[in-house]
Structures are given as structure tokens and as C-alpha cells.
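Please open the model in your viewer and keep the sequence panel beside it. The tour below moves from one selection to the next and says what is found at each stop.

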Amino acid sequence: MNSLIRHSARCLRSVVFVAKPANVAVPGRLLCEAADTQKDLGEMVKKDKVVVFMKGTPAQPMCGFSNAVVQILRMHGVDNYAAYNVLEDQELRQGVKLFSNWPTIPQVYFNGEFVGGCDILLQMHQNGDLVDELKKLGIHSALLDSEKESK
Amino acid sequence: MFPRLLRFATPTSTRLTLTRPLMPRPPHMDPEGRRPVEQSIRTKLSESLCPDHLEVHNESHMHAVPPGSESHFRVLVVSGRFEGLSLLQRHRLVNEALREELSGRVHALAIQAKTPQQWEGNPTLAKSPPCMGGSKGDHTVEEKLKAGGGDPNLGS
């Protein structure tokens, strides 16, 4: 509902030409939408402890790197996280790169803080840092239980 | 008699156009098989990070993009400049060095950024996960492959 209201509000804004050095008029509506996306992202990354911007969905990833992030989180028993499919929303896809100052997808956030992409998450998983970072979020990694069982 | 004469009187230019037309080369494929994007990545990482060891792998063939593409890369950078830096800081340095490529033709970049000591302890190149076909039918990838220069609005 909120997104519907926001979308309607965007449509109702009037077009204003912004003065630029080059003879290029950037519609005010586009600027407003870009600003809205950035503002929305600011809220989206804080709403949930773990947030992933990916290609596809956790049930059906559409990219090997996005799938790797999903698999790593699953191994640690992290099933309850927010996953945003950038393939469904080009504005989000470009907006999140600007927001994070990060050029590629997937992107992972913990408690509103940017963690990195697939490579970083994988290395954190391999060196044990991911277990510690999840603990800081109040998430007990499933790998700790499987380690206990094996001992 | 006249049809035979007319046949041989056909202007050369017309005859050429009636033969097989030249096949247009896809804009993203270098005609001489050089690898300009790979070379550029190598040069920029060398200049900005002075690596002890550098590997640049074009992994485009592992993805749903045309043969000969330079869209998906894996880089391994071993540099003392990474000492004391977090993984995120290291990757941001690499991203910054390749900003132009990443806003242009490079769709995906896998990064391993190690200090010389870390590399010595574990000198292995990581492997990229198998492609799940996300680039297929992705018009932004098509646009990136056609783009010669950088467009900050195009991305992964």
C-alpha cells in the first residue's frame, strides 16, 4: 500500500526544468524518483537484520554469484532475511549501486551496514568471520551446532 | 543476343552488391582477437596497486553471453597495499581502479585481494560459481557489450 501511495505521489509531481551547464534538461520527476529510491533504500537496508539485493529470488536465483550468497546464508541457518530481486526493478538495480557505491550485484547488508558482495561473504564464511558477524546480529549460526555434533 | 550483352554490361558495383553481403561484426568483439578490456584491467590494476602477483581471467565464456565477449572477469591481486585493510576496503580499491570498465563493458567482476603473506600461505585462485543464465535476455548486458565507453547508468 505504501509503495502504491508513493508511486501515485510521484506521478502527481509536476515537471520542473533544472538549470544545468550543458543544454540538457533533466525532468524534475526523474530526479525526484531517483531521490525517492535512495531514500527508500536507506529504509530498506535498516528494516531487516540481513538484507540481500540479488538477481532472482532465494528460491530461484538467476545468477551464480547471487546463488552463492543464498547458499552461504542457508548453510548458516539464516532463512529469515529480506531479499530484493533487482531483475524486477531497474530503478532499484541502478539505485542500489549508487547507494552502496558498489558496481555489482549481489550486495549484502547486515544491520544497515554494507558488507560486500559474493566474494566477501564467501571469504567471511571460509575464515569464520561470518559466524562472528551473525552472532553480533543476534543470529546463532547453524554451523556452530553442526560443529558441536561432530565433536 | 541482347540479354547476353546486358549480362556482361552490368556495372561492377552492382555485381558486387549482388554477391554475398559482408557480415557485420558484433561491436563488442575485437576484430583482431585482441583483448582490450582485459589489457585495460591489467594495466590499471598494475598502476594503482603495484601488485606482487596479478591474474586477470576473462570468464565470459562461462556465462550466457556471445563468444569472444569481455563482460565477466575474475581478478586476483596480491599487493602489500592491502596490508591493514578490511576485505571491503580492498575490494573498493579494486573497484575504484576499474571504475571506467565497471561502468562500461564489464558486467561482473570477481575479486580476490590478498597481501603477499596471505598469498604465500594459500596460493590458490578461487573458482566462480556456475552461471545460472541471468545474463541471457538481460538487455542491460547487451547494452554493456555494445557500449564502447563508460555509461554510469549501466551496471551489473
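**First stop: a helix of chain A**

Begin by selecting helix α5 of chain A, residues 118-127, which is largely enclosed by the rest of the structure because seven of its ten residues are buried. As you look around, bear in mind that this is a predicted model. To see the enclosed part of the helix, colour the buried residues of α5(A), which are Cys118(A), Asp119(A), Ile120(A), Leu121(A), Gln123(A), Met124(A) and His125(A). Then step just past the end of α5(A) to Gly128(A), where the backbone takes a positive phi of about 90°.

**Along chain A to a salt bridge**

Next, show the side chains of Glu133(A) and Lys136(A), which meet in a salt bridge with an N to O distance of 3.0 Å. Both belong to helix α6 of chain A, residues 129-136, and because they are three residues apart in that helix, about one helical turn separates them. With a surface displayed, Lys136(A) appears as an exposed residue, its relative accessible area being 63%, while Glu133(A) counts as partly exposed at 28%.

**Salt bridges in chain B**

Over all chains, the count of salt bridges comes to seven, and the next selections take you to some that lie in chain B. Select Glu101(B) together with Lys44(B), whose side chains form a salt bridge of 2.9 Å, N to O. This pair links distant parts of the chain, since Glu101(B) sits in helix α5 of chain B (residues 99-102) and Lys44(B) in helix α3 of chain B (residues 36-49), 57 residues apart. Glu101(B) is buried, with a relative accessible area of 9%, whereas Lys44(B), at 24%, counts as partly exposed.

Now move to Glu59(B) and Arg74(B), which form a salt bridge in which the closest N and O atoms are 3.6 Å apart. Here too distant parts of the chain are linked, for Glu59(B) lies in the loop between β1 (53-58) and β2 (72-78) of chain B and Arg74(B) in strand β2, 15 residues apart. What do you find when you check the accessibility of Glu59(B) and Arg74(B), buried or exposed? Both Glu59(B) and Arg74(B) are buried. A further selection, Arg35(B), Glu38(B) and Arg42(B), shows one network joined by salt bridges that share partners.

**A residue of helix α3(B)**

While helix α3 of chain B is on screen, pick out Thr43(B), which has its place there and is partly exposed, with a relative accessible area of 38%. If you draw a distance from its C-alpha atom to that of Leu98(B), 55 residues apart along the chain, the viewer should give 9.9 Å.

**Where chain B and chain A touch**

Finally, display both chains and select the residues in contact, which are 27 residues of chain B and 26 residues of chain A. The area buried between the two chains is about 2,100 Å², of which carbon and sulfur atoms give 55%. How many salt bridges are there between chain B and chain A? The count between chain B and chain A is zero, although five residue pairs across the interface are in polar contact.

On the side of chain B that touches chain A, α4 (87-97), α5, β3 (108-114) and α7 (139-146) each supply at least two residues. The largest share, five residues, comes from α4(B). Coloured by class, this side of chain B has eleven nonpolar, twelve polar and four charged residues.

Technical notes: Residues are numbered from 1 along each chain as its sequence is written. Chains are lettered from A and ligands numbered from 1 in the order in which they are written. This is a predicted model: local features need pLDDT of at least 70, side-chain atom pairs count only at pLDDT 80 or more; totals for chains, interfaces and linings use all residues. Side-chain values use heavy atoms; hydrogens and water are left out. A salt bridge is a side-chain nitrogen of Lys or Arg within 4 Å of a carboxyl oxygen of Asp or Glu. Helices (H or I, at least four residues) and strands (E, at least two) are DSSP runs, numbered from the N terminus. Buried means under 20% relative accessible area, exposed over 50%, partly exposed in between (1.4 Å probe, protein chains only). Contact means heavy atoms within 4.5 Å. Buried area is the accessible area (1.4 Å probe) that two parts lose on being put together, summed over both. A polar contact is a pair of N or O atoms within 3.5 Å; within protein, one must be able to donate a hydrogen and the other to accept it, and residues adjacent in sequence count only if both atoms are side-chain atoms. Ala, Val, Leu, Ile, Met, Phe, Trp, Tyr, Cys and Pro count as nonpolar, Asp, Glu, Lys and Arg as charged, and the others, Gly among them, as polar.
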